[in-house]
Each structure stands twice: as C-alpha cells, then as structure tokens.
Amino acid sequence: MAHQHETNPAGAELPPVDLRSDTVTRPTEAMYSRMASAPIGDDGLDGDPTVQELEAVAAAALGKDAGLFVPSCTMANLLATLAQSQRSEQIVLESNAHMYTSERGAATFTGQFYLAVAGIAGAMDLNLLENALQSDGHKLKTALVAMETSHNNASGAVLPLDHMQAVHAMASVRGVPVHLDGARLFNAAIALEVAPAQIARHCDTVSLCLSKGLSAPAGAVLAGPRAVIDSSRRLRRMLGGTQRQIGILAAAGLEAVQVMGARLVEDHRRARALSEALNRMHPKVSATIPQTNIVQVDVSLSGRDSAAWSEALERVGLRARPWGRHRLRCVTHRHIDDADIDRAVMAFRAVASGLA
C-alpha cells in the first residue's frame, strides 16, 4: 500500500493520529506555568513544599491519610508490595492485571510470589480468591491482594464497586491488606460517575498515575495509611526513587489531580465513537465496547496479524499498538479530537479495503 499523506486546508501535512497510549500526552500550558513558579526544596533532605502539597492533595482526593510522590506507577505498586508483605509471601491478583503481566519481574528482587487468579473483565473469581486466601500450612501466606481499575488488559474495564467491596471484605477478615493499581483510577471514577475516593475506599493502599490521561509529564502517587506511607518513603530511598528539587514536576501533578479529571469524559466519548464506527466497518474487524478510553481491535479473522496491521495503519497516518498477536490497542486522550477519530476510522477502512 502506498504511503498516503493527509493535509489540512492550508496544505500542510498532518501529523499521524497517535492512539498508541494516553502516555503520549504532553503538559498543558497551565502545567508549564505552575512548574515555572513552583516553590521547591530538597525532597530527600528537608522536604519540597510543592511535593508536600501534591502528596496531601492527592491523598485527600483518594480518601487516604497520606501520600508519596514517586517517579512512576510501577514504583508505586512495588512500594505497596514491599511495605505490606515479606519475602516468601504471596501477592494475589487477577491473571491479566498489569502488576502480573508486566511488573512481576520485580519478584526476582523482592522474593515475593505472585499468584494469578482467573477473572472476567478484570474482576477476580471470588471463589478462587477465597481458596487463595486459605492458609493450611501447605501454602504460602497471602500477604496482599491487588486489584486494578480501570483494567488495562481488559480494554479499560471498570471494576464494579460491589465486587471491590467483596474483595476488600474477604481479605480484611483475614487481616490481609488490599492494594489498588489505580493508574487510570480517574477514568474509572468518570465512568462510574463517582468521586475517586468512593472507589479507593475499597482498598488500603492505592496508586495513581499522573502521566496518562491526566497529562502530567511524569510521576505517580501512592496513598494509604500513614505508617505504610512512612515505610514506603524509606523504601523509596533504597530503590533510588528520592528526587531533589522535584517540586517542578509535582507542580504539574497538582494541576493533573486538581483540574484534569473532569475532561476524561471526552476521551471516553471518542473511544465509544471509534468502537462503533469500527464495528460497522468490516465483518473481519471487531472492536471492544469501551467503558473508558481503551479500545481493543480484534483482527484475527482478517488474515493479518496485529504487527502487519500496525505497519499498514502507520503508512496511512494512524499509530496503533499491537496488543498480542491478534489485537490492536487504541487509546484516546487529550490530543485526540473528533476529526482525529474520523481519520482513524478512515485509516482502518483503507487497510481493510485490501482484505480478500
């Protein structure tokens, strides 16, 4: 297929529509302004005032006692496991959770065991969870249960609050804390039409990524009981996660937490529009029906794998990420408008037109 260049009315070539991830979002002008004027200090020595403000604001938004600013949500999740479990203990989580599929390599350093429990749409089978929580002397002790919402590998699915409540209750009865990988928690809150704290109340600790749909350039917050956060702060230093005048980045994080959540509804609307258009387009292409901002496109019936589709789509102006051999992942975000969704559909149509 020949490379096709789209142009705008002025004749300039349009950049590709980038649906690979919401991590490609760039800071807003308001973020840059706050970064330029942020009061800063040494966060590893006597504290950075802007970091301290972000930690307090984020903890309050999540309904927790305290917060800790860290470089990434992966580190936040790791700190939650280290602060709440020991070597030779197990962490139970849903089998397609990001902490399991993409982050469990940390166990080679921590000596913890990750036990995957099958689930549907990111929600663990509660009977299997019950079995995993049993301790009879022949099993590793379960020290932590982890959930994820919205759920990345389940096409942005949002856990029902009654499911989260059930998981938390089952674990709490046995004195087992629950961690929530809330990288896209604000997306889940928008989808459920509740405040983020109404979701986070069903866990003991929670991580929040600031650099996805919330558009900060980097960073995450881990929130939870003060004793756990104090322990995590010490562990952060051991992992090399202490940063000095990092209030410059925390200022963007404040804008992300205080301002950027409300607009995520636009990303969700555009994801649904993309899904609906793709499902009308070609019988050999099917898209998931999104609850949030992630659409997975199944190309298994097309005779081409996801890598071939990704290459072909890029030639006609769309960047989509292979997600396994037979699926593509498309993620809407702040830099995607209605015209970009139209262009994305046109790109899929152009590639699909070459199918036998």
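Hi everyone, let me start with a lysine. In UniProt, an unreviewed entry lists Lys212 under "modified residue: N6-(pyridoxal phosphate)lysine". What I'm showing is a predicted model, so please keep that in mind as we go along.

Where is Lys212 placed? Look at the loop between strand 9 (205-209) and strand 10 (220-224): that is its place. Is Lys212 buried or exposed? Its relative accessibility is 15%, and because buried means under 20%, Lys212 counts as buried. As for its surroundings, leaving aside residues up to four places away in sequence, Lys212 touches Asp22, Thr23, Thr25, Ala183 and Arg184.

Now to the cysteines. How many disulfides does the structure hold? Zero. Cys73 is in no disulfide, and the nearest cysteine sulfur, belonging to Cys209, is 5.3 Å away. The cut-off for a disulfide here is two cysteine sulfur atoms within 2.5 Å. Cys73 has a relative accessibility of 8%, so this residue counts as buried. And why is Cys330 not bonded to Cys209? Because the sulfur of Cys330 is 20 Å from that of Cys209, its closest cysteine sulfur, which is too far for a bond. Cys330 also counts as buried, at 1% relative accessibility.

Next, let's turn to a sheet. Four strands make up an open sheet, ordered 11-12-15-14, with antiparallel pairing. The edges are taken by strand 11 (286-287) and strand 14 (321-322); each has a single partner strand, so one side of each has no neighbour in the sheet. On top of that, helix 13 (residues 306-315) packs on the sheet, where it touches strand 14 and strand 15 (327-331). The direction of helix 13 makes about 45° with that of strand 15.

Let me walk through the pairings. Strand 11 and strand 12 (residues 294-298) run antiparallel and are joined by two bridges. One residue pair to find on your screen is Ala287, whose bridge partner in strand 12 is Val297. The connection from strand 11 to strand 12 is a hairpin through six residues. Moving on, strand 12 and strand 15 also run antiparallel, with five bridges between them. Here Ile294 has Val331 in strand 15 as its bridge partner. How many of the five residues of strand 12 are buried? Four of them, so to speak of strand 12 as mostly covered is fair.

My last topic is salt bridges, and the count comes to 15. I've picked a few. The first to look at is Asp43 with Arg236, where the closest N and O atoms are 3.4 Å apart. This pair links distant parts of the chain, 193 residues apart: Asp43 is in the loop between helix 1 (29-37) and helix 2 (49-61), while Arg236 is in helix 10 (residues 226-238). Both Asp43 and Arg236 are buried.

Then there is a salt bridge between the side chains of Arg270 and Asp338, at 2.8 Å from N to O. Arg270 belongs to helix 12 (residues 264-281) and Asp338 to helix 14 (residues 338-352), so this pair ties together parts that lie 68 residues apart in sequence. How do the two compare in burial? Arg270 is buried, because its relative accessible area is 10%, whereas Asp338 counts as partly exposed at 40% relative accessibility.

My third pick is Glu314 with Arg319, whose closest N and O atoms are 3.2 Å apart. Glu314 is partly exposed, with a relative accessible area of 38%, and Arg319 counts as partly exposed too, at 25% relative accessibility. To finish, let me go back to Arg270 and Asp338 and put them in context. Which residues join them in one network? Through salt bridges that share partners, Arg263, Glu266, Asp267 and Arg269 are in one network with Arg270 and Asp338.

That's my tour. Thanks for listening, and I'm happy to go back to any of these spots with you.

Technical notes: Residues are numbered from 1 along each chain as its sequence is written. This is a predicted model: local features need pLDDT of at least 70, side-chain atom pairs count only at pLDDT 80 or more; totals for chains, interfaces and linings use all residues. Side-chain values use heavy atoms; hydrogens and water are left out. UniProt positions are given in the numbering used here, feature names are shortened, and annotations may be inferred rather than shown by experiment. Buried means under 20% relative accessible area, exposed over 50%, partly exposed in between (1.4 Å probe, protein chains only). Contact means heavy atoms within 4.5 Å. Two strands pair if DSSP finds at least two bridges between them. Axes are lines fitted to C-alpha atoms, for helices over the stretch in contact, and angles run from 0 to 180 degrees between N-to-C directions. A salt bridge is a side-chain nitrogen of Lys or Arg within 4 Å of a carboxyl oxygen of Asp or Glu.
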